[in-house]
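Here's a quick briefing to read with the model open. Have the sequence to hand as well.

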Amino acid sequence: MNTVISKDGTKIAYDKTGRGPALVLVAGAFSYRKFPGQVELANALSGRYTVYNYDRRGRGDSGDASSYAIEREIEDLNAIIEAAGGSAYVWGLSSGAVLALEAAASGSSITRLALHEPPFIVKAEDRKPPSDFTEQVGKLIKADRRAEAIKYFMTKGMGAPSFVIPMMRMMPGVWARLMAVAHTLPYDAELLKSYMNGQSLPRDKWRGVAVPTVVLEGTESPVSLRHAAQQTAEVLPNAKLISKKGLGHTKKLHTDKIAKELTSFFAV
């Protein structure tokens, strides 16, 4: 394990594996650097890249602050990029894709950007979370009702059927990993807050993200995620969409298929 100190003094932990151009992995909700899928992807990419797989603040071995701001998470990513040599390729999954996009828009030294199914809600007809979703997630965590927060985030935010929760409780190790990072769910909710209302994405906000970008989506994914991926690729000035079976993320990360697409994109 390695660590860097973010701008506000927070310790950010990361693992560094492989050789080659620097590639930073930005996890989504519930994930962290030791999450099985995250480790598998890092290993699959380490033959071609120096992979920086880090714990977002509040997760794993990283520290946290008394209050949250998206700007602090961008500074965390910038600290990892600086440790990687000052610039890097970046892959972000789900809410991690949103964080990576916001970082690119703020001027982070990202040379190529991969956005993997950012969970925007861009169509009025798609399922939307409750209007007070972010506030309710925060209240549940503040009351230390982590299990309820997990259920609420998954069912009301991600659209998972309610029977998924008891199934996860029965799977060895899964529920414990979710509980360990549940207190960071308000961070993911805050990242998504402005983009889950069923309205089109703001073209002007991301006009300056000219870095070569790929947006990944699975043909098996929920329609709302597919709409989001397609529109993300449309509004960014230098982006392309890759839509293939096996690139979805809501059930399982097919790391071999993801690594293949990333290797092809980053190698250009």
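What follows covers the nonpolar cores, one helix and its packing, and two buried residues.

This is a predicted model, in which local features need pLDDT of at least 70, side-chain atom pairs count only at pLDDT 80 or more, and totals for chains, interfaces and linings use all residues. Residues are numbered from 1 along each chain as its sequence is written, and side-chain values use heavy atoms, with hydrogens and water left out.

**Nonpolar cores**

- The largest nonpolar core (buried Ala, Val, Leu, Ile, Met, Phe, Trp, Tyr and Cys residues joined through side-chain atoms within 4.5 Å) has 43 residues, and Val-24, Tyr-54, Leu-113, Phe-120 and Trp-206 touch the most other members.
- Helix H3 (residues 95-106) gives this core its largest share, seven residues; helices here are DSSP runs of H or I with at least four residues, strands are E runs of at least two, and both are numbered from the N terminus.
- A second, separate core of 21 residues includes Leu-23, Leu-25, Leu-253 and Phe-266.
- Setting aside neighbours within four places in sequence, Val-24 has contacts (heavy atoms within 4.5 Å) that include Tyr-52, Tyr-54, Leu-77 and Trp-91.

**Helix H5 and its partners**

- In H5 (residues 146-157), Ala-149, Ile-150, Tyr-152, Phe-153, Met-154, Thr-155 and Gly-157 are buried, meaning under 20% relative accessible area, with over 50% called exposed and anything in between partly exposed (1.4 Å probe, protein chains only).
- Those buried H5 residues pack against H4, helix H6 (164-170), H7 and helix H8 (185-192).
- H5 and H7 (residues 174-181) pack at about 95°, with their axes 9 Å apart; axes are lines fitted to C-alpha atoms over the stretch in contact, and angles run from 0 to 180 degrees between N-to-C directions.
- The two helices, H5 and H7, are therefore roughly perpendicular, a label for angles of 65 to 115 degrees.
- On the H5 side, Arg-146, Ala-147, Ile-150 and Met-154 meet Trp-175, Leu-178, Met-179 and Ala-180 of H7.
- Just past the end of H5, Gly-159 has a positive phi of about 80°.

**Two buried residues**

- Ser-221 sits in the loop between strand E7 (213-218) and helix H9 (223-235), and is buried at 9% relative accessible area.
- The Ser-221 side chain makes a polar contact with the side chain of Glu-117 at 2.4 Å; such a contact is a pair of N or O atoms within 3.5 Å, and within protein one must be able to donate a hydrogen and the other to accept it, while residues adjacent in sequence count only if both atoms are side-chain atoms.
- Thr-134 lies in helix H4 (residues 133-142) and is buried too, at 13% relative accessibility.

Key
Angles under 35 degrees count as roughly parallel, over 145 as roughly antiparallel, 65 to 115 as roughly perpendicular and the rest as oblique.
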